[in-house]
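Visitor: I'd like to go through this model with you, starting with how its strands are put together. Could you pull it up?

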Amino acid sequence: MATMTAEKPATEAATQYLLEVVDARKTFPGVVALDNVQLKIRPGTVHALMGENGAGKSTLMKIIAGIYIPDQGEVRLNGKPLQLHGPLDALEAGIAMIHQELNLMPYMSIAENIWIRREPLNAFGMVNHDKMNQMTEALFERLGIDMDPEMEVRHLTVAGRQMIEIAKAVSYESDVLIMDEPTSSLADREVEHLFRIINDLRTQGKGIIYITHKMDEVFEIADDISVFRDGQFIHSTAASNMTSDEIIKLMVGREVTQMFPKEEVPIGEVVLSVDNLCLESVFEDISFEVRAGEILGLAGLVGSGRTNVAETLFGVTPPTSGRIVIDGKEEIISSPHQAMLRGLALLTEDRKETGLFLGLSVVENMEMAVLRDGYTRATFVEQDRLDQECDSMKERLRVKTPSMEERIGNLSGGNQQKVLIGRWLMTKPRILILDEPTRGIDVGAKAEIHKLITELVKQGVAVIMISSELPEVLGMSDRIMVMHEGRVTGFLDRSEANQVNIMQLASSPVEPPVVEG
């Protein structure tokens, strides 16, 4: 049984809390998601909620936001118990939530997404789009966001969609804002922008519950910290009373000794060579190579074209021009299936939009990439052998799930990510492209994924790793390719790379060639 302690926050005045959760318990079939947990949020503070994936953080937030009803316990706002029967009840009470998985409607405008169900009407009872756009512009001016309210959401980057979710939550003028991994897809500039918004909300007396796996963010933005583990409340105190090592130990119940288990691995022959690859209006003149046993990191700011390059290599969007050479042979890859047949695998950036089949089970999601090849005999799927392989992969990646038949939408974000990694490992790739492989994954699981990547390169797999987290790129890469606005701005060897020179390359355009005469 976990030891529950609760030190008094250093700046706490009296015992008045904006929000309290008292003895909350929530179970799902085969799982105790929360076991009599507590949480206390002071007005005008940022309260960081820390814990591994599956610790119960998101379940607790969904209780506070009215999405789940607890089996026992209660939520209090300004000392008064709340009876929440749905998200609308929470919003009316003054509680808004920014979900880890984005839930915008892609074919509606930015303004329509923000003001859905709250649209201003004209005298005829019709939506007044002009006024709605004006309201959106006023909100954006307040938040420092530069976007066209009439643009359809489908045209936005993941980072852009995240900022719209943040703006939508702020628009409710709620007293309590829950932010679940709000910076998971944001570059450093967008994170600074978000922190300015948070600081403004804090001065207004708002209470902000902030879930993140990024330790540097915790100590930059949080006033108080609470730690959960395996559905239980473990510890709560002022952020100034804690260190990152202490938080990690409380989260995982053990010390994580090596976050980036980089080992010297013999680098083999060139497996993939890319020569002057172009995709019209997106990126141009991309040239690089990656060798067996090598990790090539791709760094750059949001919009630099890293993901577009990865998708083009995998056949999602065929290039306009250029050459892709695998094992010395030029290949034309016009579909993901062709890419897979040539030994490529791609873990996509957005697991919800382009990775998961949320209505299917864990085992169905994991086996998806190998059903067509490798586990069939006389057109029939060898289901028993396939199930055994999926079970083995689940154990290897330490996926927390009640059963392999559980709907994957019920798993935490980090466990969903592990299932996707397992899916691609089952294809036994020779070239593995990882786009934000540890997005939304806790520190314990991150160390496991990094160890797995190291094991793969030791087996001769060539890895291309895209990450917005510079410590991850620096800690895991043998070489780093940096991009800016669709162009390669430079390469750095592991020995010379640091955060400063990466950011210099990531924010500097390529100098145009000098034309003489």
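Guide: Let us begin with one bridge: Leu 19 has Leu 77 in S4 as its bridge partner. Strands and helices here are DSSP runs numbered from the N terminus, with at least two residues (E) for a strand and at least four (H or I) for a helix. This is a predicted model, in which local features need pLDDT of at least 70 and side-chain atom pairs count only at pLDDT 80 or more, while totals for chains, interfaces and linings use all residues. Residues are numbered from 1 along each chain as its sequence is written, and side-chain values use heavy atoms, with hydrogens and water left out.

Visitor: How many bridges do S1 and S4 share, and in which sense do they pair?
Guide: S1 and S4 share 5 bridges in the antiparallel sense; two strands count as paired if DSSP finds at least two bridges between them.

Visitor: And what is the strand order in the sheet?
Guide: The sheet is open and has 4 strands, ordered S2-S1-S4-S5 with antiparallel pairing. Its edges are S2 (31-41) and S5 (80-82), each of which pairs on one side only.

Visitor: Switching to rings, how many aromatic pairs are there?
Guide: The count is 4 aromatic pairs, where rings of Phe, Tyr and Trp (its six-membered ring) pair if their centres lie within 6.5 Å, and planes under 30 degrees apart are stacked, over 60 edge-to-face and the rest tilted. One of them is Phe 28 with Tyr 68, which is edge-to-face at 5.3 Å centre to centre and 65 degrees between the planes.

Visitor: Which parts does that pair tie together?
Guide: Phe 28 belongs to strand S1 (residues 19-28) and Tyr 68 to the loop between helix H1 (57-64) and strand S4 (72-77), so the pair links parts that are 40 residues apart in sequence.

Visitor: Is Phe 28 buried or exposed?
Guide: Phe 28 is partly exposed at 29% relative accessibility, and Tyr 68 is partly exposed at 22%; buried means under 20% relative accessible area, exposed over 50%, and partly exposed in between (1.4 Å probe, protein chains only).

Visitor: What about the backbone, where does Glu 181 lie?
Guide: Glu 181 is in the loop between strand S7 (176-180) and helix H6 (188-203), and its phi is near 50 degrees, a positive value in a residue other than glycine. Most residues other than glycine have a negative phi. Glu 181 is also buried, with a relative accessible area of 3%.
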